[in-house]
Structure formats: C-alpha cells, structure tokens
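Work through the exercises below with the sequence and the model in view. Try each task before reading its solution.

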Amino acid sequence: MQNIYGNLQGIKSSHLKKLQRLYEERQPADRFITLEFAQTLAAITSEIHHPICCYINRRGQILRLAVGTPNQTQIPTDELPRRSAERLSGIRCIATQLQSKSPDDTALIAMALQRLDALVTLTVTDSQPEEAFLAYLIPDLEKPWIVSPPLSLEDITEQDFDELVAEWEKDISDAGGIVLPQNNNSDQDRVLLVGVKTDDISDQRFADGLAELVRLVESARGIVLDTMRQKRSQPHPQTVVGTGKVEEITLLAQKLGANLIVFDRDISPSQARNLENEIGIRVVDRTEVILDIFAQRARTQEGKLQVELAQLEYTLPRLRGRGREMSRLGAGIGTRGPGETQLETERRTIQRKIAQLQQEVNQLQAHRARIRQQRQQQEIPVVSLVGYTNAGKSTLLNILTHAEVYTADQLFATLDPTTRKVVITEPETQERRSILLTDTVGFIHELPPSLVDAFRATLEEVSEADALLHLVDLSHPAWESHIASVQEILGDMAATPEKVLLAFNKIDQVGSETLAGAQQQYPQAVFISATEKLGLETLKQQLLQLIDEKAGVEV
C-alpha cells in the first residue's frame with residue numbers, strides 16, 4: 001500500500017481511500033493527463049476542500065499523491081530518479097487549485113528545484129476542472145520557467161507530451177543546464193531566521209535576541225541565509241506570524257534554497273505543524289536549536305544521558321506532528337494493543353524511556369552528592385563558576401588550575417562540570433590555601449525548562465557550592481542583560497550560595513569608556529582578562545576573602 005503524503009489532518013478515511021485507489025490508474029505516456037483523470041482529481045479536491053498534487057513519471061505511472069500545494073508536497077531530492085542539471089527529472093506534477101490563478105513563485109521554484117518535466121495546474125470549479133495552466137523550465141538565468149495563459153481542458157489533454165518534453169530537454173541540454181534557485185552541496189542546514197517582536201520586548205532585547213540566535217545556529221553548524229522580522233502585539237495563535245508574513249517566508253525560503261526555518265522564540269507543537277504545512281519545509285524554535293547544540297557537545301556519558309532526557313521531554317508533546325504514519329495501527333509483536341495506534345505506542349515507549357533516564361539522573365545526583373560529601377570532609381571550600389554561555393568560564397578554569405577543559409569561541413562549548421583545585425598564596429602570611437573551582441554549563445536567556453530539569457544533577461554543583469564566581473563577558477554588547485538572565489536562572493533554583501563575586505572578563509577587548517562605566521556601576525567587582533592573564537592575582541585574593549567573609553558581594 002503506497003502512502004498519501006502532505007497535510008492529512010482532518011481528511012476522512014473514505015477520501016484517503018479514494019486517493020489511494022488513484023495509484024492504480026495509469027496515464028498515456030504521450031499525454032500530460034486524460035480528461036477522466038482530471039475530472040477525478042477535481043471531484044476529490046472539491047470533497048476535501050484542499051489542493052492535490054499528483055506526480056507522474058514518463059511511463060504514465062503515478063509515483064506520489066499528496067494533499068497540498070506543489071511547494072508543500074515536493075519530492076525529496078534523494079528520491080528523484082535523475083539529478084543531472086542538463087536533464088529534467090522525468091516526472092511531471094498535476095496540481096489542483098480551488099481558485100483560478102497562475103501558479104505562484106513558490107510553486108514554480110518547487111518545480112525548478114525538482115527539475116520537473118512540467119507543472120500542470122487545474123482550476124476546480126463546482127467539482128469540475130475548468131481550465132489549466134502549463135509551466136515548464138527553460139535555460140534562463142533570470143527566470144528559468146515559462147507559464148502559459150489559461151488553457152482549456154481539451155488543450156491540455158490533447159497536447160503531445162512526448163514531443164514537448166523532448167524539445168524542452170534538448171534546449172536545456174544545449175544551453176548547458178538549468179540554473180536553479182538552490183545550489184547547495186553542503187551537509188549543513190541552510191537556515192532562514194524569523195524574529196517576532198511583541199509589545200513586551202524592547203527594541204534592544206529583540207535585536208540582541210536575533211544576534212544570539214545567529215550564534216546559536218552557527219554553533220549548531222547551520223548556515224544563516226537571512227532574517228525576516230515582524231512586529232505584532234502578540235504572536236498569532238496558529239502560525240506565530242500573520243498570514244501574509246507566512247507567504248513571504250515561504251517565497252524567500254524557496255528563493256534562498258533554505259531547508260530549515262528557525263523562530264527566535266518557543267513555538268507550540270501545533271504552531272510548528274501549521275507552519276510546516278504552509279511553508280513546506282521543517283520549522284523549529286530556539287529551544288530545539290539549543291538542544292541540538294547540547295547533543296553535539298555532550299562528551300561524557302552523564303552529559304549524553306542528560307541531553308537525551310531533555311530531548312525526549314521536548315519531543316513527547318510534538319509527536320502528533322510526525323504525520324499520518326504515526327496514527328496507523330502498529331504492525332509487529334508488542335505493537336498490536338487493543339485499538340492502540342502507533343502514535344500511542346511511540347508515546348508510551350518515550351514515557352518509559354523518560355522514566356528510565358530520570359531514574360539514572362537520580363542515581364547521578366546521588367553519586368555527585370557522595371563526591372560533594374567527601375569534599376566537605378576534606379574541608380576544602382568549593383566555588384562554582386557560573387555565567388552566560390561563552391563568557392570564558394572554561395578558559396579561566398584552565399588558566400587558574402592548569403586543567404585541559406575544551407574551549408572554543410562558540411556557545412555551549414562545554415557541558416560537563418569539571419572540578420579542579422586552585423592553590424592561592426596569602427600575601428601577608430605566605431600561607432598556601434586551596435579552593436575547589438567547579439566549571440558549570442553556561443546559562444542563556446530563557447534557558448529551556450527541559451534542560452534545567454535534565455541538568456539538575458549538574459546544576460546542583462551550583463546549589464551546593466560555598467560561593468559563586470559569576471563571570472561576565474564585558475566585550476558583549478548585551479552584557480547587562482546577560483547578568484540579569486544569569487541572576488534570573490539562579491533565582492529559580494531551590495537554593496544558591498549567598499556569597500557571590502562578580503568578575504568581568506575580556507577587558508582587553510573593550511574601550512576605556514565601557515570599562516569605566518562597568519567599574520562605576522559595579523565597584524566591588526573584579527575586572528580581568530583570562531586569555532591575557534590580567535587581574536588574575538586580584539581575582540584569587542578576592543576569592544579568598546569571599547570564602548572567609550560571612551556574606552559576599554551581592555549583585
């Protein structure tokens with residue numbers, strides 16, 4: 001049984017069976033389509049009130065039936081039989097539409113990306129095919145297609161398809177091939193960012209958020225092609241942005257050859273499904289990008305464990321968006337519960353896995369608690385190094401303790417906590433004293449709750465420390481909001497040390513005005529450059545004072 005693709009939400013099973021039976025039809029090899037088949041497509045289109053796309057090879061076999069527009073129902077590149085730029089794919093698309101209009105640019109770009117032999121768009125009125133538009137590719141640099149004026153059904157059904165496609169393919173071959181809107185041989189995701197500024201976000205916060213999203217996508221090994229923005233009083237409940245903006249996003253994504261849309265805010269599972277149905281390519285939010293980075297960065301077994309838990313907790317409510325295949329009855333031993341669908345089976349499997357991982361995280365917490373207890377018995381004070389991601393925490397740890405923690409100028413370069421001993425000499429008594437310094441996962445604005453929960457074993461290193469060293473990247477334009485974000489996350493934790501030392505890093509990368517302003521605003525803070533080893537001795541002495549004092553510097 002062959003699949004019906006596209007947006008099947010709300011489509012009755014009786015209509016799906018009608019579409020399924022169309023796979024048994026065969027069209028003449030020398031015609032675009034028969035009149036009878038056009039009438040059948042039109043009738044089903046009227047019944048379901050959705051457009052249909054039918055993909056047919058040159059032997060007249062129907063390869064793919066889908067509900068949606070040509071843009072929404074594209075055949076994946078690796079499933080196309082031909083990939084040569086000098087030849088067409090050998091597949092034509094017959095698409096229905098409920099309004100009389102020439103195919104839009106998104107449909108034509110989809111035709112070009114798939115190198116379709118032709119795109120025939122049938123206008124359906126009162127359950128009948130009324131007229132048709134014929135579009136085909138040409139070797140033109142500016143606009144590689146031609147669209148006919150409205151044609152009668154007789155015109156389109158009596159055209160000699162064999163002769164026309166041979167002529168078109170010869171022209172393309174003679175010219176050296178088709179110049180496509182997309183020329184991407186890279187394995188990297190090609191990303192279009194979408195930012196939505198609502199009334200509760202300042203202009204500066206919005207700009208900083210988009211700049212950070214660019215860094216996040218690049219850290220996840222994606223290529224940012226462009227950014228679209230929209231101002232709204234609040235997000236659209238169905239599609240986050242307005243209908244007109246969805247159309248703009250669709251067109252720009254096709255023109256740029258984007259294969260991923262990333263929103264600058266969390267979006268609901270239903271919003272993601274609606275957007276994917278409209279745009280025709282995958283849509284993710286900021287949280288999913290962060291989860292992907294964590295999955296790439298996790299090196300230790302415990303790091304991988306916590307990332308997997310966070311990903312599963314994020315995935316569970318989004319299972320409904322994975323297509324009709326997930327809602328079919330399962331097939332195989334252990335999947336054929338009484339009336340249980342594959343979706344329900346998958347949900348149960350994930351819930352069991354989450355419970356198992358949470359148990360392992362609990363064991364990890366207990367293990368870390370035992371290690372902390374051993375440290376306490378040694379009576380060595382512990383300072384947790386916290387701060388916004390990419391503030392330079394791991395670099396500072398390496399320089400102070402001669403550790404070899406991985407560092408890079410990227411977000412979330414390290415996930416796994418590392419504890420090392422720092423030996424500090426008191427200037428007056430020359431007494432050598434030890435402090436344990438623990439590097440922790442970097443914070444970020446609106447850290448996803450699933451990550452906070454999954455990394456609770458790691459974050460307990462912060463809660464159980466004797467004091468905190470809050471490191472800030474002074475060279476970042478949004479350093480003030482970074483301080484606020486870290487304070488907010490610390491405030492949400494069950495318990496954190498009262499003693500906090502604020503340290504501004506990367507002072508070698510800022511101007512004197514910025515430095516003077518921060519010193520005036522935070523007179524009790526320490527100002528350092530980890531890479532240039534500036535102010536480190538002062539930092540060490542301040543850490544000793546922090547441990548010895550009853551109360552630390554509060555920021």
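A salt bridge is a side-chain nitrogen of Lys or Arg within 4 Å of a carboxyl oxygen of Asp or Glu. The model is predicted: local features need pLDDT of at least 70 and side-chain atom pairs count only at pLDDT 80 or more, while totals for chains, interfaces and linings use all residues. Residues are numbered from 1 along each chain as its sequence is written, and side-chain values use heavy atoms, with hydrogens and water left out.

**Exercise 1. Salt bridges**

Task: State how many salt bridges the structure holds, and describe those of E47, D174 and R433.

Solution:
- Step 1. The total is 13 salt bridges.
- Step 2. E47 pairs with K18, with an N to O distance of 3.0 Å. This pair links distant parts of the chain: E47 is in helix α2 (residues 35-48) and K18 in helix α1 (residues 13-22), 29 residues apart. Helices here are DSSP runs of H or I with at least four residues, strands are runs of E with at least two, and both are numbered from the N terminus.
- Step 3. Next comes exposure: buried means under 20% relative accessible area, exposed over 50%, and partly exposed in between (1.4 Å probe, protein chains only). E47, at 35%, is partly exposed, and K18, at 30%, is partly exposed.
- Step 4. In the pair of D174 and K170, the closest N and O atoms are 2.9 Å apart. Both residues lie in helix α5, four residues apart, which is about one turn of the helix. D174 and K170 are both exposed.
- Step 5. R433 meets D548 at 3.0 Å, N to O. The two are 115 residues apart and link distant parts of the chain, with R433 in strand β14 (residues 432-439) and D548 in helix α17 (residues 536-548). D548 is partly exposed, because its relative accessibility is 48%.
- Step 6. A network of salt bridges links R58, D117 and E169.

**Exercise 2. Cysteines**

Task: Find how many disulfides there are, and explain why C93 is not bonded to C53.

Solution:
- Step 1. A disulfide is a covalent bond between the sulfur atoms of two cysteines. The rule used is a pair of cysteine sulfur atoms within 2.5 Å.
- Step 2. By this rule there are zero disulfides. C53 is in none, and the nearest cysteine sulfur, that of C93, is 4.0 Å away.
- Step 3. C93 is not bonded to C53 because a sulfur distance of 4.0 Å is too far for a bond.
- Step 4. C53 is buried, with a relative accessible area of 0%. C93 is also buried, at 0%.

**Exercise 3. Positive phi**

Task: Say where D126 and S127 are found, and what their phi values are.

Solution:
- Step 1. Most residues other than glycine have a negative phi.
- Step 2. D126 is not a glycine, yet has a positive phi of about 50 degrees. S127 also has a positive phi, near 65 degrees.
- Step 3. D126 is in the loop between β5 (118-125) and β6 (128-137), and S127 is in the loop between β5 and β6.
- Step 4. D126 counts as exposed because its relative accessibility is 72%, whereas S127, at 31%, is partly exposed.
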